[in-house]
Amino acid sequence: MKKSRIRISVTAAAVAVVLAASACSSGSDGKPAAASAKPVAATTAAPSDPSSAPATTAAPTPTDLPTTAAPSATPSQSSAAKSASAKPSTSKPTSAKPSTSKPATKPPAKPAGNLDPRCMTGRAMCVDKTTRKLTWVVDGVPQYSFEVRFGSAELPTREGAFSVFQKSRDHVSTLYHTSMPFAMFFSGGQAVHYSPDFAKNGYNGASHGCVNVRNKALITQLFDTVRIGDKVIVYRS
């Protein structure tokens with residue numbers, strides 16, 4: 001009997017607690033909520049401490065609703081967005097203009113060996129009275145050379161810059177009545193030509209002012225190469 005009474009007392013106390021809790025969740029007049037009232041939708045927000053908070057059907061207060069405002073952009077994100085939305089530059093890239101300065105003038109070619117500087121341009125018979133050599137030069141490049149002899153002290157070969165004005169393959173001197181094969185005249189009656197006497201006697205003789213050649217093969221080649229107007233430079237190195 002005593003156990004039954006204790007259980008009845010505990011049950012009655014529990015019912016009183018539930019009724020008190022229901023009265024706290026109703027309106028301001030303190031009366032219990034009517035049974036016919038529509039139930040309020042249960043909140044889906046989880047309580048901060050599920051184990052201690054009693055279940056409730058009351059609608060959440062506005063402060064329980066999650067905020068939908070977008071987080072404010074950080075300074076780095078804001079600057080990145082601005083740079084991304086900025087219009088691309090339309091200015092043309094600067095390009096270096098090519099230089100309009102003219103290259104330095106090429107220096108004249110240096111004479112090869114004992115060649116006179118006047119022989120270094122064009123086509124020239126370069127006659128050196130010191131070395132007693134005639135060198136055929138084209139555009140500053142010596143082609144070949146051979147030995148020559150000159151006039152005597154009484155009839156010297158003139159020095160200076162001349163040009164070929166006449167060619168005669170089988171020429172004979174009208175003044176001395178001597179043979180002058182492959183003659184190329186450059187100053188009055190003076191010419192570069194083959195000399196049978198030079199081929200025979202060498203430097204033991206002299207010309208009457210002409211440039212004697214004793215190599216017949218080379219003078220023949222030179223005669224066929226030289227043109228009217230080609231230079232003849234007679235000098236001492």
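The following conversation goes through salt bridges and burial in a predicted model.

Biologist: What makes the pair R123 and D230 a salt bridge?

Modeller: The closest N and O atoms of R123 and D230 are 3.2 Å apart, and because the rule asks for a side-chain nitrogen of Lys or Arg within 4 Å of a carboxyl oxygen of Asp or Glu, the pair qualifies as a salt bridge. The two residues belong to distant parts of the chain, with R123 in strand β1 and D230 in the loop between α4 and β9, 107 residues apart.

Biologist: Why is D230 called buried?

Modeller: Its relative accessibility is 8%, and since buried means under 20% relative accessible area, D230 falls into that class.

Biologist: How do you know that R149 and D197 form a salt bridge, and which elements does the pair tie together?

Modeller: The N to O distance between the side chains of R149 and D197 is 2.7 Å, which lies within the 4 Å that the rule allows. R149 lies in strand β3 and D197 in helix α3, so the pair ties together parts that are 48 residues apart in sequence.

Biologist: Are the partners R149 and D197 buried, partly exposed or exposed, and why?

Modeller: R149 has a relative accessible area of 4%, and therefore counts as buried, given the limit of under 20%. D197, at 34% relative accessibility, counts as partly exposed, because that class covers what lies between the 20% and 50% limits.

Biologist: What makes D224 and R169 a salt bridge, and why is R169 called partly exposed?

Modeller: Their side chains meet at 2.8 Å, N to O, which is again within 4 Å. This pair links helix α4, where D224 sits, to strand β5, where R169 sits, across 55 residues. R169 has 39% relative accessibility and so counts as partly exposed, the value lying between 20% and 50%.

Biologist: How many salt bridges does the rule give, and which residues are linked in a network?

Modeller: The count comes to 7 salt bridges, and K129, E159 and R236 are linked in a network of them.

Biologist: Why is T157 called buried, and what lies around T157?

Modeller: T157, placed in the loop between β3 and β4, has 3% relative accessibility and therefore counts as buried, the limit being under 20%. A polar atom of the T157 side chain lies 2.9 Å from the backbone oxygen of G209. Leaving aside residues up to four places away in sequence, T157 touches several residues, among them K129, F150, F186, G209 and V234.

Definitions and conventions. Residues are numbered from 1 along each chain as its sequence is written. This is a predicted model: local features need pLDDT of at least 70, side-chain atom pairs count only at pLDDT 80 or more; totals for chains, interfaces and linings use all residues. Side-chain values use heavy atoms; hydrogens and water are left out. Helices (H or I, at least four residues) and strands (E, at least two) are DSSP runs, numbered from the N terminus. Buried means under 20% relative accessible area, exposed over 50%, partly exposed in between (1.4 Å probe, protein chains only). A polar contact is a pair of N or O atoms within 3.5 Å; within protein, one must be able to donate a hydrogen and the other to accept it, and residues adjacent in sequence count only if both atoms are side-chain atoms. Contact means heavy atoms within 4.5 Å.
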